[in-house]
Amino acid sequence: MLKETIEGLAIKPAGTYVDVTFGGGGHSRAILNKLHELEIGKLEIGHLYSFDQDSDALANAIDDERWTFVHSNFRYLRNWMDYYGVEHIDGLLADLGVSFHHFDCPERGFSFRFSAPLDMRMNQTAKRTAADIVNSYSEEELARIFWLYGELKNGRGIAKNICRARAQKPIERTEELVKSLSPTLSISEGGEIEVPTNAKKDLARLFQALRIEVNDEMGALREMLVAARDLLKPGGRIAVLTYHSLEDRLVKNFLRSGNLEGTIEKDFYGNNLSPFELIEKGREASPEEVAQNPRARSAKLRIAEKKS
Ligand SMILES: C[S@@+](CC[C@H](N)C(=O)[O-])C[C@H]1O[C@@H](n2cnc3c(N)ncnc32)[C@H](O)[C@@H]1O
């Protein structure tokens, strides 16, 4: 939904924008295409700050004076804007989660398709890996994150299998985790893990749940949303692409109410006091886009404008 997202941001050519999830840089390039370029005699040019906590994203850096890369977690949005002397922004985009790059890099441990160390850190200098969580959380805590972040119905059973396996030997590789859900697996010479087809959906959910916990994705999202609300100018827009129900619920409630609790405050006359006007309320990708990009199947686009 690149086109819909960029159009929905209603970009002002001399505005200041933030893309908090740079990744491959597709959205950032599209934003830059809409900003004024530096020209002799032109005083106002636009600027884009792009965040990514993964240093691999730097391989996609853009050579452009209107662009600044911020190698940081987006939870520090406010601090970085202060650092650059930016008081207000005209728009912000968040395309949440991990990129193709993460799934396609076997050694990062994000995918159940490859034999690899159980890592899953987006920030490769962060201390806690997925293996640390799998080997240190209680059975109860594991079951909770599998249910909360993966909506896994058999989360309790998987947590029990993990605890049984790690009592013999710490779980350090993806295939050892895969076994907790799908005991029958084979590994090809190239390191590809083969599992029965009917286990794949739940394995994707199990890996997603762990990834969200490793990277504290919900905590970072909450902090970023609050900072974005305060930084946006009246008339400024925020566009968020979500990929699972928990983050979508948080974004939906936040954009409806302007607060993390999702409480809609009204004045004496019953008028909604939310700082936002909703522009897109959970738009989904077209079947054509899903056919080209399976990740788009679960995408929801939400856009809001800060009220004047
Ligand atoms: C879905 S990809 C973005 C793809 C991008 N829109 C594009 O056009 O290529 C998400 C990116 O955001 C980064 N990311 C996710 N959570 C982050 C966070 N809390 N802080 C900074 N970067 C984050 C990931 O490392 C990943 O590169």
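Is E176 buried, partly exposed or exposed? With a relative accessibility of 22%, E176 counts as partly exposed. Keep in mind from the start that this is a predicted model. E176 makes a good entry point, and the report will come back to this residue after a look at the domains.

**Two domains**

The protein chain is assigned two domains, and one of them is made of two stretches of sequence: domain 1 covers 2–99 together with 217–306, while domain 2 covers 127–214. If you place a point at the C-alpha centre of each domain, the two points lie 32 Å apart.

How many residues of domain 1 are in contact with domain 2? There are 7, and they touch 6 residues of domain 2. Between them, the two domains bury about 600 Å², with 52% of that area on carbon and sulfur atoms. On the domain 1 side, E217, H244 and L246 lose the most area to domain 2, and together these residues make up 64% of what that side buries.

The polar side of this interface can be described too. Across it, 3 residue pairs are in polar contact, and the count of salt bridges between the two domains is 1. Helices also help to place the contact: α10 (217–231) and α11 (245–257) are the elements that give two or more residues to the side of domain 1 that touches domain 2.

E217 is worth finding in the viewer. This residue is among those of domain 1 that lose the most area to domain 2, and E217 also forms a salt bridge with R211, where the closest N and O atoms are 2.8 Å apart.

**Salt bridges along the chain**

In the structure as a whole, the count comes to 19 salt bridges. Here are some of them, with the closest N to O distance for each.

| Acidic residue | Basic residue | N to O distance |
|---|---|---|
| E217 | R211 | 2.8 Å |
| E176 | K169 | 3.1 Å |
| E7 | K3 | 3.6 Å |
| E284 | K300 | 3.7 Å |

Now back to E176 from the opening. The side chain of E176 meets that of K169 in a salt bridge. K169 is partly exposed at 44% relative accessibility, and E176 is partly exposed at 22%.

The pair of E7 and K3 sits within one helix: both residues belong to α1 (residues 2–8), 4 residues apart, which is about one turn of the helix. K3 counts as exposed, with a relative accessibility of 56%.

E284 and K300 show another arrangement, since their salt bridge links distant parts of the chain. E284 lies in strand β8 (residues 276–284) and K300 in strand β9 (residues 300–306), 16 residues apart. E284 counts as exposed at 51% relative accessibility, whereas K300 is partly exposed at 26%. Elsewhere, salt bridges that share partners join D54, D56 and R108 into one network.

**Cysteines**

How many disulfides does the structure hold? The number is 0. Two cysteines can still be placed by their accessibility. C105 has a relative accessible area of 14%, so this residue is buried. C163 has a relative accessibility of 16% and therefore counts as buried as well. The cut-off behind both statements is a relative accessible area under 20%.

Technical notes:
Residues are numbered from 1 along each chain as its sequence is written. This is a predicted model: local features need pLDDT of at least 70, side-chain atom pairs count only at pLDDT 80 or more; totals for chains, interfaces and linings use all residues. Side-chain values use heavy atoms; hydrogens and water are left out. A disulfide is a pair of cysteine sulfur atoms within 2.5 Å. Buried means under 20% relative accessible area, exposed over 50%, partly exposed in between (1.4 Å probe, protein chains only). Domain bounds come from an automatic or database domain assignment. Contact means heavy atoms within 4.5 Å. Buried area is the accessible area (1.4 Å probe) that two parts lose on being put together, summed over both. A salt bridge is a side-chain nitrogen of Lys or Arg within 4 Å of a carboxyl oxygen of Asp or Glu. A polar contact is a pair of N or O atoms within 3.5 Å; within protein, one must be able to donate a hydrogen and the other to accept it, and residues adjacent in sequence count only if both atoms are side-chain atoms.
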